[in-house]
Amino acid sequence: MSQTPSSSHTPSAASPVDGPPSDDASLTGFDAQVLEYLRKHGFNEAAQQVRDHLNQAPSESSRPVAERRLTRQAAKSKTNTITSAELVKRNAPTMPRSASDSSNVLADPNQSKQILTNVSATMLGGAMSSTNTVTNLLNAVGMGVEDALTSGPTDRHDGFRDLLLWVDGSLDMYRPEFRPILFPIFCHFYLDLVEQGLKDSAIDFFQRYSPSLATHHTPTLTRLHSISLPTHVAQDELARRFRNEKYLLRLSKSGFKLLVGWLTEGTGGEAIGAGDGFTGESSRRGRSAVMQVVNNHVSVEVTTVTSANVPASMWEDNTGLVSALIPDATGGASVPGMSAPQAFNSMRKDLRLGLPAMDDGLRDEVERKLREDAAIGEPGPNGAPGAFNPPVQIPRPFMPPPNGHPAPTSTEQLPMPPSFKTVDVRREVEKIMDAQKRIRLDHTGYIADNDPQGLLRARAIPSICAYTFRDAADGITSSTFSQDSTVLAAGFSESYIRLWSTKGDKLKGMRSDFNLSSVKDSNSLKRIREKGGNTTRKLIGHSGPVYSLSFDPTTGSAAPPRHLLSASADATVRLWSLDTMSNLVAYRGHQNPVWDVEWGPQGVYFATASRDRTARLWSTDRTSALRVFSGHLSDVDCVRFHPNALYLATGSTDSTCRLWDVQKGNCVRVFLGHTGAITAMAMTPDGRYLASAGEDLAINLWDLGSGRKIKKMTGHTGPIYSLAFSVESTVLVSGSADWTVRCWDVKHAGGLPSKRGGQDDVAMVEGFGLARRAVTGNGAVDVGALPTGGLDGSAAEQNIETLDLLSTFPTKRTPIINVQFTPRNLCLVSGPAMPDPQR
């Protein structure tokens, strides 16, 4: 039996690879498979080295499963992570500018958009103009391909956060100038996130940063918050305006340089604790996103004034999406040194804002009537004739005071009945009596600090009589008083009108069984009147809520009114007879609800405002409109006649007011300054000024002649429903949903309290001229700070009441929906009492 010679490659009994040692039993997975492979193929030394290495390092299987998973994920992440520069290098398409310039032309946003437009036109041909998707996509191109690859949703968060920190960290003199920049950037960033389908990121962005803008832009923010899908952005009118129009901003030269420096280099103000400032890759991408919006959607108007020499509110006047709000924006933009509204107003001819003189025949008749009344004297006891008064006590007929503007001639006025009536004589005589007995609201020299006992203040504030509607379960939507203060009317959401006699007299109508042929004279008309009556009557005829009421001004304060106009959601205006308590005419022409109606100063004509974006002029003897005033971009919410009836003011949801020539139907003035819908307007009796209130809780006073804003009055904390001027045009009263009535000094320069905790140095306006700020000792104009907010949404200014606020009259729980002055300067207000939730 032969014996096989031993070989180094023959495993022996003592060989370590002869079988799996005890250490190999702990090895699993890939390690065990490697050792098994080496052992089978006779690589003993290699197997021994692998075994020694595994025994020295901790076993993969000995570590927890979670730890092994994190280790592998970290290794994988490290392997797959590349820098933004490497990402651009690998994926960005390139196109050299020229043979000598190898830089990427596609990095330029404008060049990228132009190349895409040319390619799309070549592929689609004539169908491109009808393809909205492609057109919208091309319009959305605002960055080069390199920026598009590195941008993300966090860039907008970082960009707006840094911009807000930069604005809040800027000098006090620049902060009011820079704060308007935040709003358009916020709106476009939010729309970008929604349009890209990043709903959660858009909601987080809105909730985090909208409180800092809510002070001045609550209505727009509420509208934006309802946009949550890409289809909403394409369909919503406000979103389309932001996308298609340039947002106008106003900056000084120094302020514009600071903004450009921050956008390009990250230099400028830093908030406390900001650390290294606006440096780093994330800050650069954020500033790039801000610059993209500024380049594509913002138009900056650089002014020559400095930040220290103008009121803080000037930076927001005539700014925003104004291009579509101006009837002739192209012509207005050609005037250097003027904003578009100012240019439009300056290019229109001077207005005839003077009050017309009384007709000669009517004046003679009024003088004769006054002479007769003076001869008869005051009535004696029990209605007995009075004693004779000498004619030297006869007052002169009422003559309108001059207001610095030319008055219209008789041929320029609206056509009126050729002859006056007895009621016209009685009205003019009563005007003179009212002027003699009027309470003059004299606030000359009134300054709160100089009037500790309130004596001057009492002379400047009117007496207010409030009428409260209780148990108004049907919902009161409107109310008004007659000029003689004897009748109160209210419109209800249940489609009816209710009248009340403020004197407790019986309101009588006609019997239902009378024969029309039996009416031959005034005596027979009296015989068919109701014998009884009540102090309240209901008028039924509308089929929708009654939004506005207006009494016939023909009788003035001499007698109760004879007619009433009502506007309703049923798109009609109805004329009611207060003699018969019945509906006479239904005026149809509007296609949507009618929000407001008002009689002209002399009667006969009236105007309406509707949701169909038009205002219309009507005559009581025609069932169709005489004029249609079209131009507003949204609902026309309110209308007011000028005292001479030549002009009509309209206020709209598009945040503008307009003044129209009634005869020609042209827009002659545009007033742009609110940031929300117009809720109320009032004309001064002298015909010089217009006051407007908006959803931004501010009241603006405008000069009709120049179209300039005189001042801004703030203090209300709820929507403002009604405005009214005193007879002398010196006091303005406002009624609001905040359950208060507030009185404002028209002549006061206004403005917010200064940061010193006291009042700014202000001066009274001379006569009725424009308000002016007083100059301090160092020669600079003292400017109050606008309310500002931080990242937490808290307002920096707690007191938003302007210095021209004379007094505030609170009610218990009554929102004031109507305020009016009587011819003798008594203020009448009305509103529904709100139920107490604790009862």
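This is a dialogue between a student and a tutor about reading a predicted model.

Student: Where do I begin? How many helices and strands does the chain have?

Tutor: Glad you asked! The chain has 22 helices and 29 strands. Of its 839 residues, 45% are buried.

Student: What share of the contacts between residues at least 6 apart in sequence joins residues at least 24 apart?

Tutor: In this chain the share is 58%.

Student: Let's turn to sheets. What should I keep in mind about side chains in a strand?

Tutor: In a regular strand, side chains alternate between the two faces of the sheet. Now take a case from this model. Strands β4, β5, β6 and β7 form an open sheet in that order, with antiparallel pairing.

Student: Which strands stand at the edges of that sheet?

Tutor: They are β4 and β7 (536-540); each has a single partner strand, so one side of each lacks a neighbour in the sheet. On average, neighbouring strands here are turned by 20 degrees against each other, direction ignored.

Student: Is strand β4 mostly covered or mostly uncovered?

Tutor: Mostly covered: β4 spans residues 476-481, and five of these six residues are buried.

Student: How does β4 pair with β5, and over how many bridges?

Tutor: The pairing with β5 (residues 487-492) is antiparallel and runs over five bridges. You can follow it residue by residue: Ser 479 stands opposite Ala 490, and Phe 481 has Leu 488 as its bridge partner in β5.

Student: How many residues lie between β4 and β5 in their hairpin?

Tutor: Five residues lie between the two strands, and one residue in the turn, Ser 485, has a positive phi of about 65 degrees.

Student: And what is the strand order in the sheet that contains β24?

Tutor: The order is β24-β25-β26-β27, again an open sheet of four strands with antiparallel pairing. Its edge strands, β24 (720-725) and β27 (805-810), each pair on one side only. Within this sheet, neighbouring strands are turned by 20 degrees against each other on average, direction ignored.

Student: How many bridges link β26 and β27?

Tutor: Five bridges link them, with β26 covering residues 740-745 and the pairing antiparallel. To find the register on your screen, look at Thr 740, which stands opposite Pro 810 in β27.

Student: Now helices. At what angle do α10 and α11 pack?

Tutor: Helix α10 (residues 182-195) and helix α11 (residues 199-209) pack at about 160 degrees, with axes 8 Å apart. That angle is over 145, so α10 counts as roughly antiparallel to α11.

Student: Which residues meet between α10 and α11?

Tutor: From α10 come Phe 186, Phe 189, Tyr 190, Leu 193 and Val 194, and they meet Ser 201, Ala 202, Phe 205, Phe 206 and Tyr 209 of α11. Sorted by class, this contact has nine nonpolar residues, one polar residue and no charged ones.

Student: When can charged side chains pair?

Tutor: Side chains of opposite charge can pair when their charged atoms come close. The structure holds 31 salt bridges. One of them joins Arg 285 and Asp 155, with the closest N and O atoms 3.1 Å apart.

Student: Why does the pair of Arg 285 and Asp 155 tie together parts that are far along the sequence from each other, and how many residues apart are they?

Tutor: Arg 285 sits in helix α16 (residues 281-297) and Asp 155 in helix α8 (residues 153-168), so the bridge ties together parts 130 residues apart in sequence. Asp 155 is buried, at 4% relative accessible area.

Student: What separates Lys 431 and Glu 428 in helix α20?

Tutor: They are three residues apart in α20 (residues 422-437), so about one helical turn separates them. Their side chains meet in a salt bridge at 3.6 Å, N to O. Lys 431 is partly exposed, with a relative accessible area of 36%, whereas Glu 428 is buried at 7%.

Student: Are Asp 612 and Arg 616 buried or exposed?

Tutor: Asp 612 is buried at 16% relative accessibility, and Arg 616 is buried at 14%. Their side chains also meet in a salt bridge, 3.6 Å from N to O.

Student: Which residues are joined into one network by salt bridges that share partners?

Tutor: Look for Arg 156, Asp 192, Glu 195 and Arg 243, which shared partners join into one network.

Conventions:
Residues are numbered from 1 along each chain as its sequence is written. This is a predicted model: local features need pLDDT of at least 70, side-chain atom pairs count only at pLDDT 80 or more; totals for chains, interfaces and linings use all residues. Side-chain values use heavy atoms; hydrogens and water are left out. Two strands pair if DSSP finds at least two bridges between them. Axes are lines fitted to C-alpha atoms, for helices over the stretch in contact, and angles run from 0 to 180 degrees between N-to-C directions. Buried means under 20% relative accessible area, exposed over 50%, partly exposed in between (1.4 Å probe, protein chains only). A salt bridge is a side-chain nitrogen of Lys or Arg within 4 Å of a carboxyl oxygen of Asp or Glu. Angles under 35 degrees count as roughly parallel, over 145 as roughly antiparallel, 65 to 115 as roughly perpendicular and the rest as oblique. Contact means heavy atoms within 4.5 Å. Ala, Val, Leu, Ile, Met, Phe, Trp, Tyr, Cys and Pro count as nonpolar, Asp, Glu, Lys and Arg as charged, and the others, Gly among them, as polar.
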